[in-house]
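Reader: Please take me through the reasoning behind the terms used for this structure.

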Amino acid sequence: MTAPLMRSSIHSLPLINQGKVRDIYDIDDKTMLLVTTDRLSAFDVILPTPIQDKGAVLTQIANFWFDKLGHIVPNHLTGIAPESVVSDPAEKAQLARRALVVKKLKPLPIEAIVRGYLVGSGWKEYKASGTVCGIALPAGLQEASPLPQPLFTPSSKAEMGDHDENITLEKCAQLLGKALAEKVARISIQLYTEAAAYALTRGIIIADTKFEFGLDAAGELYLIDEALTPDSSRFWPAEQYAVGSNPPSFDKQYVRDWLESTGWNKVAPGPELPAEVAQKTADKYREAYRKLTGHELSS
């Protein structure tokens, strides 16, 4: 078992950006290197404790979905082996299982969120107004109820440390243009619908998820970043699902619950996680991979 990677150190390539989880390096004018670390953020704060193999799980789950859903929309993968873009053995060692060489694309200024169930902020809004992101829903729904049909509810992209904000479909159309906004909505719902149907056969309910898209120089739309991972989605174990309560999810909810119990004020720096909390979180990520793919995470 390799040691967790809190941050990558690829000195042979220029660092473009370091996000909450991913470090991005410049390769050339068409490609860049994405390294998914074992960092964990909660309440928009990067915690000081890494989660063993989290980066590998996220990368390999995303690759699984990119392959399965490639008939719907192209994605940013190039097929170039990450180890081929660096020569130093210490740098190569950081890339195994967790890195991708991807196309350079222009990211859209929204996050494409699709909700299939009434939970989280959507449930809070529904209780208050009978709507989700301003979209009217039938009366009488309960927490975790399936929605009559999946909803596309875009959000703005916040700066690091800030919260994304839900935006209206009208605002989305203003940002993207009407035709592109409609295309993003249609493709997002198709991606979610097909993925959710498959996941259900593997014992996982995808309650909601977030997609990101980019455009190439010719204006073609691509799926970018990650897709349908425990970090970008709410995965529920189907056997524990019941309308009226929020099932335990295959993601960092266990960490969130522990953080809430500590009285932490949700301002950086975050507290160190106890070893058993970090281990249980790592186990949940691995379980999501195993359930979805039918395979153990490769070493």
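Author: The following exchange concerns a helix pair and a sheet in this predicted model.

Reader: Why are α1 and α7 called roughly parallel to each other?

Author: Helix α1 (residues 54–68) and helix α7 (residues 275–293) pack at an angle of about 20°, with their axes 9 Å apart. Angles under 35 degrees count as roughly parallel, and α1 and α7 are therefore described in that way. In addition, α1 passes α7 in a left-handed crossing.

Reader: Which residues make the contact of α1 with α7?

Author: On α1 they are Lys54, Val57, Leu58, Gln60, Ile61, Phe64 and Trp65. On α7 they are Tyr285, Arg286, Ala288, Tyr289, Leu292 and Thr293. Sorted by class, this contact of α1 with α7 comprises nine nonpolar, two polar and two charged residues.

Reader: What makes β1 and β6 the edge strands of the sheet?

Author: Four strands form an open sheet in the order β1-β2-β3-β6, with antiparallel pairing. Strands β1 (15–18) and β6 (99–103) each pair on one side only, and they are the edge strands. On average, neighbouring strands of this sheet are turned by 25° against each other, direction ignored.

Reader: How do you know that strand β3 pairs with β6?

Author: Two strands pair if DSSP finds at least two bridges between them. Five bridges join strand β3 (residues 31–36) to β6, so the criterion of at least two bridges is met. The two strands run antiparallel, and Leu33 stands opposite Val101 in β6.

Conventions: Residues are numbered from 1 along each chain as its sequence is written. This is a predicted model: local features need pLDDT of at least 70, side-chain atom pairs count only at pLDDT 80 or more; totals for chains, interfaces and linings use all residues. Side-chain values use heavy atoms; hydrogens and water are left out. Axes are lines fitted to C-alpha atoms, for helices over the stretch in contact, and angles run from 0 to 180 degrees between N-to-C directions. Angles under 35 degrees count as roughly parallel, over 145 as roughly antiparallel, 65 to 115 as roughly perpendicular and the rest as oblique. A crossing is left-handed if the near helix is turned anticlockwise from the far one by less than a right angle, and right-handed if clockwise. Contact means heavy atoms within 4.5 Å. Ala, Val, Leu, Ile, Met, Phe, Trp, Tyr, Cys and Pro count as nonpolar, Asp, Glu, Lys and Arg as charged, and the others, Gly among them, as polar.
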